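Subject: Handing over the structure, with notes

Dear colleague,

Please find below the sequence and structure that I am passing on to you. My notes on what was found follow directly after it.

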Amino acid sequence: MIPHPNEADTARRFLRGCFDRAVEVCRPDRILAGHLPPPPSGRTVVVGAGKAAASMAAALEAQWPGPLDGLVITRHGHGHPCARVRVVEAGHPNPDAEGERAAAELLRLVGGLGPDDLVLCLLSGGGSSLMMLPPDGLALAEVKAVNGALLRSGAPIGDMNRVRSVLSRLGGGRLAVAAWPAPVVTLSISDVPGDEPATIASGPTVPPVSSPALARAVLDRHRIPVPERLAAFLDSAAARPPDADHPAFGAGRFRLMASGLSALNAAADTARAAGIEPLVLGDAIEGEARQVGTVMAGIARSIRQGGTTIPRPCLLLSGGETSVTVTGHGRGGRNAEFLLSFALGIQEVEGIAAIACDTDGIDGSEDNAGALADGATAGRARAAGLDPADRLGDNDAHTVFAALGDLVVTGPTLTNVNDFRAVLIR
């Protein structure tokens, strides 16, 4: 491991503190209480899915004034003890058999309820794959193949969920229709750019915005092969979404409890308290991770060199969901890839440091949330025998930051408002 110069440690500690604060304010136990509806005269049934679903269920159990029961599905390793709500851990980002079985049980739980009952649906990022229940006539393996191809293609999350919502018996409003005449109140933590309810977990409780034609257009645009059985399904009546005028949607309520902007604003408050000017660039930034990293590096250099009217010191804050078109064979999620590209763009420039992490604690499929970098990162990598440009070309950013001891490892945070990026310019 190549040690980092002591003079930059303060900047790195500050950036890590900003990230920790951003995650803290989005924890379910901090935000749930103000969004709860009154208890019904009948049953309260809890369902849901996402990386934060188990911690949301635990917070609900602690704060709900009456009886409840139900089932939520979360990612393997993201469970949380619950007394009344069953927690199932399943596969993400690709669905698995555990999630398929749990999704089928979830669908059964909401069937047969009446208008005096209430369904509380707990949704957070990752819900699309975690409660994937393929339609009759399609096997999970076929859906997984399409999902995996979309992941590798670098498709934005909106495109991915346009396909997922059509290929799921719960997505695109179908869960709310299955629960009718019981009303559904959705409590959501958003990890998608724009916080559109129909995109969060593929919109199981809100009017659909996708269709078989839109799903097919997404697959064609990203050059995803469409097997014969999938093509036949997309052409069938079974693929049609529920009517947007269905009474289930009028009876339901959707409540957004936290989003990427919540995290960025918390970090901005931390910066102001330290006498640093925050600039929130938005929580809906998308695009190829390495290209976003190059652009952000150029902005940081211009500010550092006095080429803008932005005061220094300052903190550039951004979120959203970048993507990675996988062409290499290395390791690393989108945050590590963004940050290695950023490090190459600011190499040998003093006074700039950055952190990029996924707020769920898992960058892609790795065991780190993200990493830290500054102007010395590229040089330190070369001193360690690693060419950062070559590693970036092989989608191998994780190897670089692991060798330098610059990974940020939190473990599952049990919340998820997507990516967090902070660039400190001194």
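I will begin at a particular place in the chain: Val408 lies in strand 11, which covers residues 407-408. Please keep in mind throughout that this is a predicted model. Val408 counts as buried, because its relative accessibility is 2% and the cut-off for buried is under 20%. Leaving aside neighbours within four places in sequence, Val408 is in contact with Arg16, Ile355 and Cys357, and also with the run of Asn368, Ala369, Gly370, Ala371 and Leu372. Val408 and Ile362 are 46 residues apart in sequence, while their C-alpha atoms are 9.8 Å apart in space.

Ile362 itself sits in the loop between strand 9 (352-358) and strand 10 (370-374), and with a relative accessible area of 10% it is buried. Its contacts, again without neighbours up to four places away, are Arg75, His78, Asn368 and Ala369. Asn368 and Ala369 are also among the contacts of Val408, which links the two descriptions. From Ile362 to Val409, 47 residues along the chain, the C-alpha separation is 8.4 Å.

Turning to the whole molecule, the protein has 17 helices and 12 strands. Its radius of gyration is 22 Å, close to the 22 Å that the globule rule gives for 426 residues, so the protein is as compact as a globular protein of that length. The C-alpha trace spans about 65 × 50 × 40 Å along its principal axes. Of the 426 residues, 57% are buried, and of the contacts between residues at least 6 apart in sequence, 80% join residues at least 24 apart.

As for the surface and the charges, the protein exposes about 16000 Å², of which carbon and sulfur atoms supply 51%. There are 38 positive and 46 negative side chains, and the centres of these two sets lie 1 Å apart.

Which residues have the most contacts inside the largest nonpolar core? They are Leu15, Leu60, Leu315, Ile355 and Phe420, in a core of 50 residues. Helix 1, residues 9-24, gives the most to this core, with 7 residues. Leu15 touches Leu315, Ala353, Ala354, Ile355, Leu372, Ala422 and Leu424, not counting residues up to four places away in sequence. Apart from this core lies another, of 33 residues, which includes Ala300, Leu316, Ala356 and Ala378. As general background, nonpolar side chains in soluble globular proteins tend to be buried together. Ile355 also returns us to the starting point, since it is one of the residues in contact with Val408.

A separate place to look at is Pro95, in the loop between strand 3 (85-90) and helix 4 (97-110). Pro95 is buried, with a relative accessible area of 3%, and beyond its neighbours within four places in sequence it is in contact with Ser129, Met132, Leu140, Lys144 and Asn147. The C-alpha atoms of Pro95 and Leu133, which are 38 residues apart along the chain, are separated by 9.1 Å.

Finally, some points of backbone geometry may deserve your attention. Most residues other than glycine have a negative phi, and most peptide bonds are trans. Against that background, the peptide bond from Trp180 to Pro181 is cis, with omega near 15 degrees, and Pro181 is found in the loop between helix 8 (174-179) and strand 5 (184-189). The bond from Arg312 to Pro313 is likewise cis, with omega near 5 degrees, and Pro313 has its place in the loop between helix 13 (289-304) and strand 8 (314-320).

Where are Leu414 and Asn418 found? Leu414 is in the loop between strand 11 and strand 12 (419-425), and Asn418 is in the loop between strand 11 and strand 12 as well. Phi of Leu414 is near 65 degrees, a positive value in a residue other than glycine, and phi of Asn418, also positive, is near 75 degrees. Leu414 is buried, with a relative accessible area of 17%, and Asn418 counts as buried at 2% relative accessibility.

With best regards

Methods
Residues are numbered from 1 along each chain as its sequence is written. This is a predicted model: local features need pLDDT of at least 70, side-chain atom pairs count only at pLDDT 80 or more; totals for chains, interfaces and linings use all residues. Side-chain values use heavy atoms; hydrogens and water are left out. Helices (H or I, at least four residues) and strands (E, at least two) are DSSP runs, numbered from the N terminus. The radius of gyration is taken over C-alpha atoms; the globule rule is 2.2 Å times the number of residues to the power 0.38. Buried means under 20% relative accessible area, exposed over 50%, partly exposed in between (1.4 Å probe, protein chains only). Contact means heavy atoms within 4.5 Å. Accessible areas come from the Shrake-Rupley method with a 1.4 Å probe; for residues, only the protein chains shown count as cover. Lys and Arg count as positive and Asp and Glu as negative; His and the chain ends are not counted. The place of a charge is taken as NZ of Lys, CZ of Arg, CG of Asp or CD of Glu. A nonpolar core is a set of buried Ala, Val, Leu, Ile, Met, Phe, Trp, Tyr and Cys residues joined through side-chain atoms within 4.5 Å.
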